[in-house]
Amino acid sequence: MTQMLPRTLALVLLGGFVGLASPAITASELTGRWVARVPNGDGTFRETVFVLNRSGSTLTGSIINPSSEQPFVEGTADGDMFTFASAPATNPRRTIYRGVIAGDEVTITLVRPGRPDQQMTARRGPDSAGRLPERIPPPARHAVPDNGLARTPPMGWNSWNRFRGSIDEATVRAIADAMVANGMRDAGYVYVNIDDTWEAGRDSSGRILTNRKFPDMKALADYVHGQGLKLGIYSSPGPFTCAGYEGSYGHEAGDARTYAAWGIDYLKYDWCGAARLYADGDMPAIYQKMGDALRATRRPIVFSLCQYGRQDVWNWGADVGGNLWRTTGDIADNWESMSRIGFSQDEHGPLAKPGHWNDPDMLEIGNGGMTTTEYRTHMSLWALLSAPLLAGNDLRTVAPEILSILANRDVIAIDQDPLGRQARRVKSDGDVEIWARPLAGRAHAVGVFNRGDATAHVTIRCEDLQLCGGYHMRDVWAHADVGMLAATQSVSVPSHGVELWRLTPAR
Ligand code: GLA
């Protein structure tokens with residue numbers, strides 16, 4: 001705004017002499033930093049900065065979002081109109097931006113394949129608009145001592161998969177109530193985790209503020225604790241989170257203290273905005289910083305690393321204080337996404353151990369994009385993988401068949417087995433995969449999966465499992481003991497289905 005004053009003043013004065021109505025910008029004045037602020041609906045705004053350089057009819061520049069800065073292509077300006085694109089025409093997901101000068105603003109329409117056009121109004125911003133804060137050098141590495149938490153994989157619920165930006169305090173309370181009423185708490189689901197979009201800015205002392213969806217985080221934590229549950233929260237090591245909300249950059253110690261004062265029990269820490277300041281190689285040091293900050297609060301806070309499995313995080317996640325670390329990009333509620341993620345978790349299996357878990361992302365069970373058979377496969381696979389079990393559906397209205405999947409105590413017992421040994425793929429033959437893990441008491445869990453489109457008739461030899469010599473079999477989904485494991489065991493597995501057994505030694 002300060003930049004605009006002299007020009008506005010000049011035009012107003014000039015207008016007084018020659019009868020001009022309002023200070024209109026001209027095409028030649030397009031050069032500059034233009035800021036569009038789109039309301040998020042919770043009192044916060046998502047800012048996009050368009051950096052425009054006009055030279056004749058050619059327009060160059062970049063688009064700055066909270067977690068990225070991308071130069072645009074094919075920029076042209078003609079009279080009051082201008083246009084540019086996020087990527088060349090060969091990219092099927094490119095966005096075309098069509099702008100028009102309107103008074104002292106520009107109106108920009110985003111044209112994207114398969115989505116409705118979106119319009120935003122941008123105003124000339126200060127020279128600082130969209131610029132990064134100064135880069136704070138990553139700290140020297142050291143090992144963060146184990147916090148002693150998450151001896152079995154964390155279980156609970158997270159808001160993101162189902163609610164995205166619409167999560168609010170009333171919904172979190174109602175979810176907590178539901179977890180008590182429907183028996184999930186008693187089945188082991190304890191963490192109630194608020195994901196992205198709770199944040200506002202900071203006060204003058206740098207303290208993180210909640211937006212109007214979460215008027216009182218301490219009162220919410222008290223309520224959740226009163227229900228015998230624990231409360232989780234979300235942030236980013238960058239200036240902004242993935243959804244463009246305030247991150248913890250430069251405020252790690254203060255934010256950790258604020259979480260502890262609120263009574264927070266779990267932090268998911270999502271790389272996103274940090275990518276604008278740091279290289280992937282800096283990840284261990286940057287995560288260590290928050291690992292130290294959480295530890296310094298002396299409150300037991302589970303530390304969840306979310307950086308999409310980059311940099312072989314399973315090799316260093318425990319050293320930076322992490323209790324779990326995402327191993328992949330985001331899951332979606334469909335068979336292709338879930339099975340691609342779930343069946344790709346073999347290689348880093350041996351790195352999981354009590355206190356430190358591979359996290360193939362939150363559950364989609366009950367969100368509607370898969371069949372009951374596929375959701376049973378999802379649950380079975382995650383249990384075999386000793387994955388965190390964070391339900392991601394609306395627990396206020398959960399159908400009985402979905403609840404019976406999430407709250408199946410036999411499957412949960414596999415996931416929560418105290419040995420903490422993640423399953424490995426012991427055999428794969430076309431669409432059929434067999435995964436197995438050792439359990440406490442010389443027991444084993446075995447899953448026979450069918451990734452194909454037709455029923456599979458599978459013959460399993462006890463040698464395939466290296467489990468010959470007397471095991472009682474329990475069919476986990478049928479809740480039934482089904483005799484002894486035979487030397488040659490035959491089973492039919494439906495398309496996208498699973499046969500899941502617990503094998504207990506006879507002697
Ligand atoms: C990333 C994470 C998701 C979720 C969103 C929130 O995409 O991987 O799990 O936390 O950010 O913006």
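Is Q311 buried, partly exposed or exposed? Q311 is partly exposed, with a relative accessible area of 39%. The legends below introduce the predicted model as a whole and then turn to several close-up views, among them one that includes Q311.

**Figure 1. Overview of the predicted model.** The secondary structure of the protein comprises 12 helices and 27 strands. Along the principal axes, the C-alpha atoms occupy a box of roughly 100 × 50 × 45 Å. The protein has 507 residues, of which 53% count as buried.

**Figure 2. The surroundings of the ligand.** The ligand is surrounded by 13 residues, and the closest of them are D195, D196, K268, D270 and D330. By character, this shell divides into seven nonpolar and six charged residues, with no polar ones. Three side chains of the shell are shown with their distances to oxygen atoms of the ligand. In D196, a polar side-chain atom lies 2.8 Å from an oxygen atom of the ligand. For K268, an N or O atom of the side chain is 2.8 Å from a ligand oxygen. For D330, the corresponding distance between a side-chain N or O atom and an oxygen atom of the ligand is 2.5 Å. On its own the ligand has 310 Å² of accessible area, and the protein covers 93% of this.

**Figure 3. The open sheet of eight strands.** The strands of this sheet follow the order β18-β17-β16-β15-β14-β11-β10-β19, and their pairing is parallel. At the edges stand β18 (357-359) and β19 (389-391), each of which pairs on one side only. Neighbouring strands are turned against each other by 25° on average, direction ignored. In general, the strands of a sheet pair through backbone hydrogen bonds, in either a parallel or an antiparallel manner.

**Figure 4. Strand β15 and its two partners.** Strand β15 covers residues 266-270 and pairs in the parallel sense with strand β16 (residues 302-306) over five bridges. Within this pairing, Y269 of β15 stands opposite L305 in β16. Strand β14 (residues 230-235) also pairs with β15 in the parallel sense, here over four bridges. The bridge partner of G232 in β15 is Y266. As a general rule, side chains in a regular strand alternate between the two faces of the sheet. Both faces of β15 are covered, with Y266, K268 and D270 buried on one side and L267 and Y269 buried on the other. Five of the five residues of β15 are thus buried. Two residues of this strand, K268 and D270, are also among the closest to the ligand.

**Figure 5. Two loop residues with positive phi.** Most residues other than glycine have a negative phi. C272 has a phi near 25°, a positive value in a residue other than glycine. The position of C272 is in the loop between β15 and α7 (283-297). Is C272 buried or exposed? C272 counts as buried because its relative accessibility is 17%, under the cut-off of 20%. Q311 likewise has a positive phi, near 60°, and is a residue other than glycine. This residue, Q311, belongs to the loop between β16 and β17 (324-326). With a relative accessible area of 39%, Q311 is partly exposed, since this class lies between the cut-offs of 20% and 50%.

**Figure 6. N358 in an edge strand.** N358 is found in strand β18, which is one of the edge strands of the eight-stranded sheet. The relative accessible area of N358 is 1%, so this residue is buried. Which residue has its backbone oxygen 3.1 Å from a polar side-chain atom of N358? That backbone oxygen belongs to H348. The side chain of N358 is also joined to the side chain of Q422 by a polar contact of 2.9 Å.

**Figure 7. The open sheet of six strands.** This sheet has the order β20-β21-β22-β27-β24-β25, and its pairing is antiparallel. The edge strands are β20 (424-429) and β25 (480-484), and each pairs on one side only. From one strand to the next, the twist averages 25°. Within the sheet, strand β21 (residues 432-439) pairs with strand β22 (residues 443-450) in the antiparallel sense over eight bridges. In this pairing, A436 stands opposite V446 in β22.

Methods:
Residues are numbered from 1 along each chain as its sequence is written. This is a predicted model: local features need pLDDT of at least 70, side-chain atom pairs count only at pLDDT 80 or more; totals for chains, interfaces and linings use all residues. Side-chain values use heavy atoms; hydrogens and water are left out. A residue is near a molecule or strand if one of its heavy atoms lies within 4 Å of it. A polar contact is a pair of N or O atoms within 3.5 Å; within protein, one must be able to donate a hydrogen and the other to accept it, and residues adjacent in sequence count only if both atoms are side-chain atoms. Accessible areas come from the Shrake-Rupley method with a 1.4 Å probe; for residues, only the protein chains shown count as cover. Ala, Val, Leu, Ile, Met, Phe, Trp, Tyr, Cys and Pro count as nonpolar, Asp, Glu, Lys and Arg as charged, and the others, Gly among them, as polar. Two strands pair if DSSP finds at least two bridges between them. Axes are lines fitted to C-alpha atoms, for helices over the stretch in contact, and angles run from 0 to 180 degrees between N-to-C directions. Buried means under 20% relative accessible area, exposed over 50%, partly exposed in between (1.4 Å probe, protein chains only).
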